[in-house]
Amino acid sequence: MERTTASVCQAYPLAMSTGAIILAVVGLAFIPILALCGRGVIPRGWGVGIRLPAIQQSDAAWRAGHRAAVLPYAVFALVAVGVAVLPLAVPALSDADPALTAVVIIAGLVAGGIVGSRAADRVASDPDLRDA
C-alpha cells in the first residue's frame, strides 16, 4: 500500500492526540483516588493523596481536604479529556495538544490543592470539626 502525503497528514492528528488521550486518562484516574482519600479508605501518610501541610495536619483535615478537592480537580480532568480529543475535530491543534492537556491536568491539581488546603484549614481551626 502506497503512503501518500494526504494519508500521513490525516493520521497525524490521531497520533498526536494519542499522547494527550493517555494523559487525560491518567488524569481521570486521580478522581477515584481523591474520593477514596476523602472517605478515609486511603489513610493519611499511605503514600498517595494530596501532600500539602494543611491537608496532612490530621485525619479529619485529610478527609475534608480531599473531599473538597475532588470537584475542582474532576472538572479540570474532564476538560482535559475534551482538549485531548479536540484535534480529531480540529487537526490544526494537534501540535500543542499533549502539552495543553498536561497544562490542564496540572491546573486541576493546583486548583484542587488550593481548595483542599482551605477546607483542611477550616477543619483544623474548628474544634468541633477536628474530631469528625
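**View 1. His66, a buried histidine in helix H2****.** In this predicted model, His66 counts as buried because its relative accessibility comes out at 0%, and the cut-off for buried is under 20%. His66 sits in helix H2. Leaving aside residues up to four places away in sequence, look for its contacts with Leu34, Cys37, Gly38, Gly49, Ile50 and Ile55.

**View 2. The largest nonpolar core, with 17 residues****.** Leu34, Ile50, Ile55, Tyr73 and Ala120 are the members with the most contacts inside this core. Three helices give two or more residues each: H1 (5-39), H2 (59-89) and H3 (97-125). H2 chips in the most, with eight residues. As background, nonpolar side chains tend to be buried together in soluble globular proteins. Two of the names here will ring a bell from the first view: Leu34 and Ile50 are among the residues that His66 touches.

**View 3. Ala120 and the residues it touches****.** Here's a closer look at one of the core residues with the most contacts. Once residues up to four places away in sequence are set aside, Ala120 touches Ala54, Ile55, Ala61 and Gly65. Ile55 turns up again as a contact of His66.

**View 4. A nonpolar patch on the surface****.** Now for the outside: Ile21, Val25, Val85 and Leu88 make up this patch, and together they have about 310 Å² of accessible area. Which helices supply the patch? H1 and H2 each bring at least two of its residues. Val25, for one, has its place in helix H1.

Notes: Residues are numbered from 1 along each chain as its sequence is written. This is a predicted model: local features need pLDDT of at least 70, side-chain atom pairs count only at pLDDT 80 or more; totals for chains, interfaces and linings use all residues. Side-chain values use heavy atoms; hydrogens and water are left out. A nonpolar core is a set of buried Ala, Val, Leu, Ile, Met, Phe, Trp, Tyr and Cys residues joined through side-chain atoms within 4.5 Å. Buried means under 20% relative accessible area, exposed over 50%, partly exposed in between (1.4 Å probe, protein chains only). Helices (H or I, at least four residues) and strands (E, at least two) are DSSP runs, numbered from the N terminus. Contact means heavy atoms within 4.5 Å. Patches are made of residues with over 30% relative accessible area and no salt bridge: like charges are joined within 9 Å, nonpolar side chains (Val, Leu, Ile, Met, Phe, Trp, Tyr) within 5 Å. Accessible areas come from the Shrake-Rupley method with a 1.4 Å probe; for residues, only the protein chains shown count as cover. A salt bridge is a side-chain nitrogen of Lys or Arg within 4 Å of a carboxyl oxygen of Asp or Glu.
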